[in-house]
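Here are a few friendly notes to read alongside the model. Take them one at a time, with the structure open beside you.

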Amino acid sequence: MSRSAHPAGPRHADVLPEGHYSAPPADLNVLDPKVWARTVERDPRGVVTLGGIGVDALAEEFGTPAYFLDETDFRARCRAWAEAFGKDADVFYAGKAFLSRAVVRWLQEEGLNLDVCSGGELATALSAGMPAERIAFHGNNKSEDEIRVAVEAGVGRIVLDSFQEIVRVAHIAQSLGKRQRVQIRVTVGVEAHTHEFIATAHEDQKFGLALAGGQAAEAVRRALRLDGLELIGIHSHIGSQIFDMAGFEVSARRVVRLLAEVRDEHGVELPEIDLGGGLGIAYTSEDDPREPHEIAKALGEIVTRECEAAGLATPRISVEPGRAIVGPTAFTLYRVGTIKPLEGLRTYVSVDGGMSDNIRTALYDAEYSVSLVSRTSDAEPMLSRVVGKHCESGDIVVRDAFLPSDLAPGDLIAVPATGAYCRSMASNYNHALRPPVVAVRDGEARVIVRRETEEDLLRLDVG
């Protein structure tokens, strides 16, 4: 069904202003399965459903804005990664993408490990029963208290990020009568093809110890000398939202070269290599991510080839997908409020959320898709900018997209691929209440992170 159109901004490609968009799709009602969670479809009414439940019913029960997560999809992606890498490798879910106690339990049940990068993430993991030996602890500035909790709990590995941290972890481990398994994070001088703020392997950034100039080699020397540490390998991470495997090939070659230098200098072959995460997902139909089995095959061949050339035994490989698992499994559901056409430019569509529930567009210039999900429409496409309700001109959710020109206040629209980093980076800007996360599986929906209330905000305000 459709509604009568209202005056809107430009609708035809030949009069559109420049922007981050391609031509409108042939049918705005079609949902690209590459972008949406696996159990998403339209029912005979034209309403989008998740796990068999219509978004109209979800909005009625849980309100908007809200994140709706496809538990079936999440579990399937966990299994795909575990099966792709097999028993001779380790898959660590990157908890920074999105973490809750329900997610921790799913990871355990599907056979994945977990990496955390703060005391809060570690507390969440331990409180949900994740075995400590299956946890890796990241971070460029871990506090002594965080390190002590991690060592006491028996985390499987701490990733060392500086010379000071090498000494700090060794001292705390010795004081507790333990020998802590560690990896050294190195920066390999590879800048992934991504936004400069999330490209993390070039030398001029806060993470790791550089191969260039010998910092990484010196870190190995220091770690091997300290009784409180058991150095098990080298860690490298080259960026985020990466589709091209070429960067991983260069990174692996340089890390293996360091392993060979360690063997030659110390007579030790380190048994593990962690190539990090950063694999991309489809935010729009133009993105083309790789499947886990393709990634596993490519990384395995790269490391094996480089180790054979260096005369090294092939180390155990670890990877850390976060976005690649949870990102595609969720969408954010909004209700349309104000619609403001700007003649000759675009139509501004204001929703009941915004940058407080998705900061990535403002922070990274990230691109997203958006669809009308409470009904279908045969109206002409109109160039739209989906914006939030915050007092900020940069409060943009989807910079440029096409929506039906009969869009009206009260309609439900959804932004897919918001499972990663949106709830994790959500804020209370303008005292907004952070949305809930609702897991849906086989026709049942349940809250796994509840919506904040005004009482929550006032409880923290002790003035």
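**Notes on the fold and one helix pair**

1. Let's start with burial. Of the 463 residues of the protein, 56% count as buried. Please keep in mind as you read that this is a predicted model.

2. Next, the overall dimensions. The C-alpha trace of the protein spans about 75 × 50 × 40 Å along its principal axes.

3. What are the building blocks? The protein has 12 helices and 21 strands. Its radius of gyration is 24 Å, close to the 23 Å that the globule rule gives for 463 residues, so the protein is as compact as a globular protein of that length.

4. Now think about which parts of the chain meet. If you take the contacts in the protein between residues at least 6 apart in sequence, 71% of them join residues at least 24 apart.

5. Here is a pair of helices to find on your screen. Helix α7 covers residues 215-225 and helix α8 covers residues 246-266; they pack at an angle of about 45 degrees, and their axes are 11 Å apart. Because angles between 35 and 65 degrees fall outside the parallel and perpendicular ranges, α7 is oblique to α8. Is the crossing of α7 and α8 left-handed or right-handed? It is right-handed.

6. Finally, look at who touches whom. On the α7 side, the contact is made by Ala216, Ala217, Val220, Arg221 and Leu224, and α8 brings Leu258, Val262, Glu265 and His266. Sorted by character, the residues of this contact between α7 and α8 are six nonpolar, one polar and two charged.

Key
Residues numbered from 1 in each chain as written. Predicted model: local features only at pLDDT ≥ 70, side-chain atom pairs only at ≥ 80, totals over all residues. Heavy atoms only, no water. Axes fitted to C-alpha atoms, helices over the stretch in contact; angles between N-to-C directions. Helix = DSSP H or I, 4+ residues; strand = E, 2+ residues; numbered from the N terminus. Parallel < 35°, antiparallel > 145°, perpendicular 65-115°, else oblique. Left-handed = near helix turned anticlockwise from the far one by under 90°. Contact = heavy atoms within 4.5 Å. Nonpolar A, V, L, I, M, F, W, Y, C, P; charged D, E, K, R; others polar. Rg over C-alpha atoms; globule rule 2.2 N^0.38 Å. Buried < 20%, exposed > 50% of the residue type's maximum accessible area, 1.4 Å probe, protein only.
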